[in-house]
Amino acid sequence: MIDNGTLTCEEFLGLAAGVALDAAEPSEVAQVEDHAAKCPDCAAHLQDFRDVAELLGSAVPQHDPPAAVRAR
């Protein structure tokens, strides 16, 4: 994608999940946050993505790996 400083709502949705998961480049984060600040619908989508990302970490019980895995 060419960085022209603005995103369409469709481009925003393509990047927002990655931003919510902390898996986006800093320039993409800036673009997504800038767009969300100007577009209430997309801001709501970004918050939904962040809410889901927050839940992902606690959705599955945590288990310590077997010692053999740690040794590798």
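Begin by selecting helix α1 and helix α2 in this predicted model, and turn the view until you can see that α1 passes α2 in a left-handed crossing. Two packed helices are described by the angle between their axes and the distance between the axes. Here α1 and α2, the latter covering residues 26-38, pack at an angle of about 120 degrees, and their axes are 9 Å apart. The two helices α1 and α2 are therefore oblique to each other.

Now show the side chains where these two helices touch. On the α1 side, select Cys-9, Phe-12, Leu-15, Ala-16 and Val-19, and on the α2 side select Glu-28, Val-29, Gln-31, Val-32, His-35 and Ala-36, which together make the contact. If you colour this contact of α1 with α2 by residue class, you will find 8 nonpolar, 2 polar and 1 charged residues.

Next, keep α1 (residues 9-20) in view and add helix α3, which covers residues 40-56. These helices, α1 and α3, pack at an angle of about 25 degrees, with 9 Å between their axes. That angle makes α1 roughly parallel to α3, and the crossing of α1 and α3 is right-handed.

Which residues of α1 meet α3? Select Cys-9, Phe-12, Leu-13, Ala-16, Ala-17, Val-19 and Ala-20 in α1, and you will see that they meet Cys-42, His-45, Leu-46, Phe-49, Arg-50 and Ala-53 in α3. Sorted by class, the contact of α1 with α3 has 11 nonpolar, 1 polar and 1 charged residues.

Stay with this contact and select Cys-9 and Cys-42, which face each other across α1 and α3 as members of the two sets of contacting residues. A disulfide is a covalent bond between the sulfur atoms of two cysteines. Why do Cys-9 and Cys-42 not form one? The sulfur of Cys-42 is 3.6 Å from that of Cys-9, the closest cysteine sulfur, and this is too far for a bond, because a disulfide needs the two sulfur atoms within 2.5 Å. By this rule the count comes to 0 disulfides. While both residues are selected, look at their surroundings: Cys-9 is partly exposed, with a relative accessible area of 37%, whereas Cys-42 is buried, with a relative accessible area of 2%.

Finally, move on to Ser-58, which lies in the loop between α3 and α4, the helix at 67-71. Is Ser-58 buried or exposed? Ser-58 counts as exposed, at 56% relative accessibility. To end the tour, draw a distance from the C-alpha atom of Ser-58 to that of Glu-28, and you will find a separation of 26 Å between two residues that are 30 residues apart along the chain.

Note on methods
Residues are numbered from 1 along each chain as its sequence is written. This is a predicted model: local features need pLDDT of at least 70, side-chain atom pairs count only at pLDDT 80 or more; totals for chains, interfaces and linings use all residues. Side-chain values use heavy atoms; hydrogens and water are left out. Buried means under 20% relative accessible area, exposed over 50%, partly exposed in between (1.4 Å probe, protein chains only). Axes are lines fitted to C-alpha atoms, for helices over the stretch in contact, and angles run from 0 to 180 degrees between N-to-C directions. Helices (H or I, at least four residues) and strands (E, at least two) are DSSP runs, numbered from the N terminus. Angles under 35 degrees count as roughly parallel, over 145 as roughly antiparallel, 65 to 115 as roughly perpendicular and the rest as oblique. A crossing is left-handed if the near helix is turned anticlockwise from the far one by less than a right angle, and right-handed if clockwise. Contact means heavy atoms within 4.5 Å. Ala, Val, Leu, Ile, Met, Phe, Trp, Tyr, Cys and Pro count as nonpolar, Asp, Glu, Lys and Arg as charged, and the others, Gly among them, as polar.
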